[in-house]
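Please look through the model shown here and follow how some of its helices, rings and hollows are arranged.

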Amino acid sequence: MANRTQPLSALVWVGTGALALVLTVTLAPLVAIAVTADDGFKLRAANWAAIRFTLLQAVLSASLSLAIAIPLARAVARRRFIGRGIFISLMGAPFILPVIVAVIGLIASYGHNGWLARALQVIGLDLPEIYGLHGVVLAHVFFNLPLAARLILQEWQAIPQERIRLAQSLGLKGGAFFRHIEWPILRSTAPGALVVIFLLCCSSFAVALILGGGPRATTIELAIYQAFRFDFDLGRAASLAAVQALLCLGLGAFVLRLSARGTGLGTGLDRTLALPTEGRAFVDTLVIVAAGVFLALPLARIVILGLPNLTELPTAVWIAALRSLIMALSATALSIAMALPIAFALLRLRRAAMFEALCLLALVISPLALGTGWFLILRPLTNPITWALPVTICVNALMALPFVLRAVLPALREAEASQARLATALGLVGWHRFRHAILPRLVRPLGFAAGLCAALSMGDLGVIALFAAPDQATLPLEMLRLMGAYRMADAQGAALLLLILSLGLFWIFDRGGRYHA
């Protein structure tokens with residue numbers, strides 16, 4: 001075993017240093033926030049109202065997302081239909097879709113002037129107001145329903161074939177089949193999915209900024225932004241960020257604990273079988289069609305509204321698009337450069353699971369909280385505004401790091417297990433060992449991870465909105481300014497441009513990884 005660790009020992013040391021740097025960059029803002037908040041806990045009645053609204057909308061969004069996701073995942077697992085693969089891919093689109101683009105599509109589809117509203121007005125019905133609690137919950141369900149459905153579907157599809165055949169041979173149908181085969185899946189998966197969605201809804205900024213914002217529809221993130229951007233009350237902003245960080249860290253620890261629970265179904269021979277399809281065909285079809293329309297309508301609306309305005313966009317939009325593209329590629333390169341050595345280090349460090357869990361800190365801490373902390377750190381030393389773009393790149397790289405690690409680590413473990421002895425026998429060391437024995441097995445997951453990181457960074461509207469100068473606008477921030485100026489035609493064209501760039505980056509990296517694998 002000693003021979004296996006020596007050839008790449010330098011990379012392991014680099015990974016250990018990168019891991020220490022990631023933890024420092026993540027924890028330092030929290031320390032700055034705690035110190036500043038300790039000077040005076042300046043929460044007003046409106047801030048406590050923001051905390052209550054955050055919890056309320058997160059509970060409603062998570063509960064509604066999961067309540068719809070369970071029958072949707074069950075219907076997809078039970079049925080085989082034309083376009084099933086495309087439908088499953090569609091369920092993954094909202095995760096990489098820029099939030100501000102999706103919000104524009106939701107307003108155009110489900111607002112008072114949207115297609116659905118006009119169709120209902122024909123029969124004398126009106127949709128609820130999209131701004132406020134209804135709109136925030138609607139947007140969060142749009143983003144998180146597919147995530148919950150994919151998580152549950154993945155577990156349902158992993159039910160061993162032997163368990164299904166055993167249940168069929170015992171005559172288990174209907175409620176008995178659900179109780180003994182399907183309920184263990186829900187019992188182990190649904191709580192974790194619920195908490196993850198609750199966590200995502202608590203740290204959502206762009207949705208609340210566009211669809212909320214009133215005194216009765218302000219989240220913690222929006223309250224931090226208002227205290228920071230408009231009042232410049234750093235003590236109150238830090239106090240709110242501290243409350244949010246404690247909430248997210250507590251929920252993150254709960255998620256990690258839930259993820260260790262099993263289903264109790266055991267394992268099989270890696271063969272799967274479709275769930276029994278007796279009955280409920282109409283209900284399953286209705287659920288699949290309704291979910292498909294709900295997810296596809298905003299995307300279609302963005303394309304239809306943005307296409308006529310795409311060639312007439314102002315110069316500022318194209319400059320912002322170029323800036324976003326450079327920042328997205330920089331964040332992707334930085335995240336990959338950190339993830340690779342960290343992954344090698346995690347293979348050989350003792351208590352690797354604990355260090356891997358610490359890497360998830362960036363996922364459970366709000367980007368706005370990190371931005372606030374770094375502003376507090378930089379302010380005594382320099383003008384923080386001049387560092388807005390570098391800080392945004394670093395925060396985006398940190399936000400994507402957990403996803404990159406989860407994509408790379410399994411492939412790296414498999415490559416080490418299958419190729420290490422042969423590489424050692426051939427005398428491959430250092431770069432040659434990495435180039436010929438390890439890298440070919442990492443190209444595919446690295447392509448997927450890079451595409452995901454680039455797409456998420458391209459559509460980010462977080463730190464950059466906190467303390468960016470007017471000449472530092474990214475494309476999402478420029479879109480927000482166009483919407484604030486009621487230039488909706490330009491905003492819709494910019495939304496289509498952002499959609500093309502985000503999905504295009506993901507496709508190029510993912511396709512490149514699969515092509516060169």
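Is the crossing of α3 and α13 left-handed or right-handed? In this predicted model, the crossing of these two helices is left-handed. Helix α3 covers residues 45–78, and it packs against α13 at an angle of about 115°, with 9 Å between the axes. That angle makes α3 roughly perpendicular to α13, because values from 65 to 115 degrees are counted in that class.

A second helix, α4 (residues 84–96), also packs on α13. Here the angle is about 50° and the axes are 10 Å apart. The class is therefore another one: α4 is oblique to α13, as the angle lies outside the ranges for roughly parallel, roughly antiparallel and roughly perpendicular. The crossing of α4 and α13 is left-handed, and so is the crossing of α3 and α13.

Helix α13 also leads to a pocket. It spans residues 281–306 and is one of the elements that give two or more residues to the lining of the second largest pocket. This pocket has a volume of about 470 Å³. Its lining consists of 20 residues, and those closest to the centre are I107, Y131, I210, M483 and M488. Besides α13, the elements with two or more lining residues are α5 (99–110), α10 (206–211), α21 (475–484) and α22 (488–516). Sorted by class, the lining of the second largest pocket holds 12 nonpolar residues, six polar ones and two charged ones.

Aromatic rings come next. Two aromatic rings are described by the distance between their centres and the angle between their planes. Over the whole structure, a search finds five aromatic pairs. Ring pairs join Y110, F142, F143 and F294 into a cluster.

The last feature is a closed space. Searching the whole structure for cavities of 30 Å³ or more turns up one. The largest cavity has a volume of about 60 Å³. Which element gives the most to the lining of the largest cavity? It is α14, with three residues. This helix covers 315–348, and α18 (388–425) and α19 (430–458) likewise each supply at least two lining residues. The full lining of the largest cavity is made up of S324, M327, A328, T392, N396, S457, M458, D460, I464, T474 and P476. By class, five of these residues are nonpolar, five are polar and one is charged.

Conventions: Residues are numbered from 1 along each chain as its sequence is written. This is a predicted model: local features need pLDDT of at least 70, side-chain atom pairs count only at pLDDT 80 or more; totals for chains, interfaces and linings use all residues. Side-chain values use heavy atoms; hydrogens and water are left out. On a 1 Å grid over the protein atoms alone, a cavity is a set of points where a 1.4 Å probe fits but cannot get out, and a pocket is an open set with protein on both sides within 12 Å along at least five of seven lines; lining residues have an atom within 4 Å of a point. Grid points are joined across faces, edges and corners, and a volume is the space filled by probe spheres set on the points. Helices (H or I, at least four residues) and strands (E, at least two) are DSSP runs, numbered from the N terminus. Ala, Val, Leu, Ile, Met, Phe, Trp, Tyr, Cys and Pro count as nonpolar, Asp, Glu, Lys and Arg as charged, and the others, Gly among them, as polar. Rings of Phe, Tyr and Trp (its six-membered ring) pair if their centres lie within 6.5 Å; planes under 30 degrees apart count as stacked, over 60 as edge-to-face and the rest as tilted. Axes are lines fitted to C-alpha atoms, for helices over the stretch in contact, and angles run from 0 to 180 degrees between N-to-C directions. Angles under 35 degrees count as roughly parallel, over 145 as roughly antiparallel, 65 to 115 as roughly perpendicular and the rest as oblique.
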